[in-house]
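Got your viewer open? Let's take a walk through this one together, a stop at a time.

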Amino acid sequence: MGEENNTEMINSESAVKYYTLEEIKRHSSSKDVWLIIHEKVYDITSFLEEHPGGEEVLMEQAAADATENFEDVGHSTDAREMLKQYFIGELHPDDRKKDSSKDVLITTSSSQSSMWTNWLIPAVAAVVMGLMYHYYTLDSKSS
């Protein structure tokens with residue numbers, strides 16, 4: 001494995017260029033725009049004016065990980081195929097997010113207690129509404 005300004009790691013099949021976040025962050029001007037999508041690096045400079053959503057959308061994500069925004073928009077398979085022509089390398093393994101860093105949701109209640117509150121709250125509300133209705137009808141009869 002040799003290291004240059006752009007780190008290269010050679011697989012058995014082909015050489016893949018790896019770029020660090022520091023290198024990628026230097027490519028955020030409208031004349032030189034790189035994006036990270038699914039840990040792959042794309043030079044989209046020539047695509048800025050062609051982007052259907054406008055140049056500004058891409059510039060907001062310049063030199064950063066645009067994976068979430070790319071997926072949120074719901075790009076077509078054609079758009080995904082177009083990405084291939086702008087591919088220049090991959091994000092360096094040291095800069096990739098670890099799977100363990102994903103958000104973990106912690107629930108503090110058991111399913112039994114949630115079932116309890118699912119029927120108790122509506123039952124109490126129904127009783128209160130019934131008492132209010134009964135009181136209201138008794139009050140109107142005495143008037």
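Start by selecting alanine 63: is it buried or exposed? Its relative accessibility is 9%, so alanine 63 counts as buried, the cut-off being under 20%. Keep in mind that what you're looking at is a predicted model.

While alanine 63 is still selected, look at its surroundings: it sits in the loop between α2 (55-60) and α3 (67-73). Check the backbone too, because phi of alanine 63 is near 60°, a positive value in a residue that isn't glycine. As a rule, most residues other than glycine have a negative phi.

Now zoom out and colour by secondary structure. You should find five helices and six strands. Walking from the N terminus, the order is β-β-α-β-β-β-α-α-α-β-α. Switch on a surface if you like: the chain exposes about 11000 Å², with carbon and sulfur atoms supplying 55% of that. Of the 143 residues, 23% count as buried. As for contacts between residues at least 6 apart in sequence, 59% of them join residues at least 24 apart.

Next, the aromatics. How many aromatic pairs are there? The count comes to three, and we'll visit two of these stops. Select tyrosine 19 and tryptophan 34 for an edge-to-face pair, with 4.9 Å from centre to centre and 70° between the planes. The pair bridges distant parts of the chain: tyrosine 19 belongs to strand β2 (residues 15-19) and tryptophan 34 to strand β4 (residues 32-37), 15 residues apart. Both tyrosine 19 and tryptophan 34 are buried.

Then pick tyrosine 42 and phenylalanine 87. Why is this pair called edge-to-face? Its ring centres are 5.9 Å apart and its planes stand at 70°, which is over the 60 degrees needed, so it earns the label. Here the link runs from tyrosine 42 in strand β5 (residues 40-43) to phenylalanine 87 in strand β6 (residues 87-91), 45 residues apart. Have a look at how each partner is covered: tyrosine 42 is buried, at 7% relative accessibility, whereas phenylalanine 87 is partly exposed, at 36%.

Last stop: histidine 38. Where does it lie? You'll find histidine 38 in the loop between β4 and β5. Its phi is near 50°, another positive value in a residue other than glycine. Histidine 38 has a relative accessible area of 45%, so it counts as partly exposed.

Technical notes:
Residues numbered from 1 in each chain as written. Predicted model: local features only at pLDDT ≥ 70, side-chain atom pairs only at ≥ 80, totals over all residues. Heavy atoms only, no water. Helix = DSSP H or I, 4+ residues; strand = E, 2+ residues; numbered from the N terminus. Buried < 20%, exposed > 50% of the residue type's maximum accessible area, 1.4 Å probe, protein only. Contact = heavy atoms within 4.5 Å. Areas by Shrake-Rupley, 256 points an atom, 1.4 Å probe, with all protein chains shown as cover. Phe/Tyr/Trp six-rings, centres within 6.5 Å; stacked < 30°, edge-to-face > 60°.
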